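Trainee: Could we go through this model together, one question at a time? I would like to see how each answer is reached.

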Amino acid sequence: MTPPEAPRSDAGRMPPAVSSCPGVKASSKMSVLRKRSDFLAAARAQRQGTGSMMVQGRDRRDGDGAIRVGFTCSKKVGNAVARNRAKRRLRAVARELLAAEGKSGWDYVLIGRADETATRPFEALKRDLCYALRKLAGQG
RNA sequence: GCGGAGGGCCGGAUGGCCGCGGCAUCCCCCAAAGGGGUGACGAGGAAAGUCCGGACUCCACAAGACAACGGUGCCGGGUAACGCCCGGCUGGGGUAACCCAAGGGAAAGCGCCACAGAGAAGAAACCGCCCGUCGCACCUGCGGUUCGCCAAGGGAGACUGCGCACGGGUAAGGGUGAAACGGUGGGGUAAGAGCCCACCGCGGGACGGGCAACCGGACCGGCACGGCAAGCCCCACCGGGAGCAAUGCCAAAUAGGGACCGCGCGUGGGGACAGGUCGGGCAACCGAUACCGCCCGCAGGCACGUCUUGGCCCGGCGGUCCGGGUUGGCAGCUAGAGGGGCGUUGGCAACAACGUCUCAAGAGGAAUGGUCAUCCAACCCCGGAUCACGGUCCGGGGUGGACAGAAUCCGGCUUAUAGGCCCUCCGCGCGC
RNA sequence: UGGGGUGUAGCCAAGUGGUAAGGCAUCGGUUUUUGGUACCGUGUACCGUAGGUUCGAAUCCUACCACCCCAG
């Protein structure tokens, strides 16, 4: 099912250039995951790690074309301030890219990492998400 | 100028671009849902820890109780209340400003005080000191002898010395310990001792001051009453229990567990059917004149126009209650002991009263942001100037923002916190 | 939101006011040709942190820190 898994160090390597990830106006409505069962379902599906985040993706297969996304951070990220900041940056980067790069009908869950999610430059954060979305699309 | 003490305040600023939350309003729309536009508002001094106190809601009880358990603990005041705050007292620390204290009761009782030490709780008597007796030391000497001495018995006994000896006196000295039953000096004595005296300490205390804690204290007592209650405990005061995942309402959906009740007294006639009561079984009874449906009366019940079938067991259906159990929505949900400013009055103060102006997040996998630029602190580097060699000032460059995110609300406490600002006071030094 | 527990040597741990047990591990030695095993010996603790009560605290009290568990 999964193609030959890239070694762990691959996650830190430079993702595809930003120019290949043009920011396009949202074509479909993006809504937010709110139920625990949705998060658990996504966690069982495919995942792709990068230097600054972990991305989980799942094809809902319910006929609805909407892209849904959830954000979460474990306690390992830090205190409430650090967790909230990480989720806000993930939310900002998802809002810019997900409508264009995500596959319709999928659920995505973005998981923050300690330090990296909060401190990585915004452009690099965008490259990480773009890279992860393409890997997931390729796997699917 | 240096060092220190106390208190208060701030917690980066501005502007682009892209966004988020509920609210108000307008538009699209028959309406709802949904979408769009506009507007003001949108984290903290600790929002944190969840350590106290309340509001609020439900449960329990019926007065306010008692017991148990838990908490608080100098006195007075403030407060809705508090374990908080203010003022005072006492004790301790500091040259001082000031700081610290769970600070009631140890003559209600129980318990503990290791080791060391004579003795550790209604004191004790080891060494020592003193008195007396006896023995030895003096004289004599039965005897024995390793010839150094040992020694029964008798005498003298004033002084002195000695004793694993005995009987008393004593608690000054010694040493132990965290703590040893007043201290220092003098008198006194056989030696000593509050035995007596002076001062200090201690206990009681008329009376005076103070709301009180407490303070002062004539006078009296030769001195007793060790410490620990953050050991049990006693005393006084406070506390019914649970918590917004409380609680109330609405909708949908799953499983059909447990308990209880009901399935409705009848009666006469007509008429039809072959088996008969809600279903099954058993027993009984009846059966072509039974019996139900049906029709007509009587009586009774209530839902008022319908119902009214005998026994036992099992089941079924309906209802009520209890229990298990899934999900979503709405309310609770933010205007209240509310915060802030100014003023007046009372009070030393905490605070209170009144007047006036002003401010006001309500999320719910959880909004209050992302990004860029400029500036302001801070830190580092380089160059220059000055200097009391600690530093200060000017210019340029770089890094770059403490602790930390509302979750029903409020009053406190505690803890974290880069850096900065202000006020008052104390000590020392210098100048005028 | 409410409740409970733990913290002692590198690891596991006993100790409930009076010198901080024990085991494993480490290190040294004996035995063995060597290693292992066995035996003997040795060191290692500011008892989670900071205050307080007490003559004396791992132990009692208060505050804080970290971790774990339970209920709705």
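Trainee: Happy to start with charges. What is the N to O distance in the salt bridge where the side chains of Lys 126 and Glu 123 meet?

Mentor: Good place to begin, and do keep in mind that this is a predicted model. Lys 126 and Glu 123 sit 3 residues apart in helix α4, so about one helical turn separates them. Their side chains meet in a salt bridge, with an N to O distance of 3.6 Å.

Trainee: Is Lys 126 buried or exposed?

Mentor: Let's use the cut-off: buried means under 20% relative accessible area. Its partner Glu 123, at 39%, counts as partly exposed. Lys 126 has a relative accessible area of 16%, so Lys 126 is buried.

Trainee: Which residue forms a salt bridge with Asp 128?

Mentor: Asp 128 also belongs to helix α4, and at 2% relative accessibility Asp 128 counts as buried. The partner is partly exposed, because its relative accessibility is 23%. The closest N and O atoms of the pair are 2.9 Å apart, and a polar contact of 2.9 Å joins the two side chains as well. The residue you want is Arg 120.

Trainee: How far apart in space are Asp 128 and Gly 57, C-alpha to C-alpha?

Mentor: In sequence, 71 residues separate Asp 128 and Gly 57. In space, the C-alpha to C-alpha distance is 15 Å.

Trainee: Which strands hold Asp 107 and Arg 68?

Mentor: Asp 107 forms a salt bridge with Arg 68, and their closest N and O atoms are 3.0 Å apart. This pair links distant parts of the chain, 39 residues apart. Both Asp 107 and Arg 68 are buried. Asp 107 is in strand β5, and Arg 68 is in strand β4.

Trainee: How many bridges join β4 to β5?

Mentor: The two strands run parallel, and one position to look at is Gly 70, which stands opposite Val 109 in β5. β4 is mostly covered, with 5 of its 6 residues buried. The number of bridges joining β4 to β5 is 5.

Trainee: Is the β-α-β crossover from β4 to β5 left-handed or right-handed?

Mentor: Follow the chain from β4 through α2 and on to β5. For a right-handed crossover, that path would run clockwise with the strands pointing away from the viewer. Here, the crossover is left-handed.

Trainee: What is the bridge partner of Gly 49 in β3?

Mentor: Start with the pairing: strand β2 (residues 46-49) and β3 run antiparallel, joined by 4 bridges. A hairpin connects β2 to β3 through 3 residues. Within β3, the bridge partner of Gly 49 is Met 54.

Trainee: Which residues touch the most other members of the largest nonpolar core?

Mentor: As background, nonpolar side chains tend to be buried together in soluble globular proteins. In this model, the largest nonpolar core has 18 residues. The elements β3, β4, α2, β5 and α4 each supply at least two residues of this core. Those touching the most other members are Met 53, Val 55, Tyr 108, Leu 110 and Leu 129.

Trainee: Which residues are in contact with Val 55, leaving aside its neighbours within four places in sequence?

Mentor: Val 55 belongs to the largest nonpolar core, so it helps to count contacts as heavy atoms within 4.5 Å. With those neighbours left aside, the contacts of Val 55 are Gln 46, Arg 47, Gln 48, Tyr 108, Val 109, Leu 110, Leu 129, Ala 132 and Leu 136.

How values were computed: Residues are numbered from 1 along each chain as its sequence is written. Chains are lettered from A and ligands numbered from 1 in the order in which they are written. This is a predicted model: local features need pLDDT of at least 70, side-chain atom pairs count only at pLDDT 80 or more; totals for chains, interfaces and linings use all residues. Side-chain values use heavy atoms; hydrogens and water are left out. A nonpolar core is a set of buried Ala, Val, Leu, Ile, Met, Phe, Trp, Tyr and Cys residues joined through side-chain atoms within 4.5 Å. Buried means under 20% relative accessible area, exposed over 50%, partly exposed in between (1.4 Å probe, protein chains only). A polar contact is a pair of N or O atoms within 3.5 Å; within protein, one must be able to donate a hydrogen and the other to accept it, and residues adjacent in sequence count only if both atoms are side-chain atoms. Two strands pair if DSSP finds at least two bridges between them. A salt bridge is a side-chain nitrogen of Lys or Arg within 4 Å of a carboxyl oxygen of Asp or Glu.
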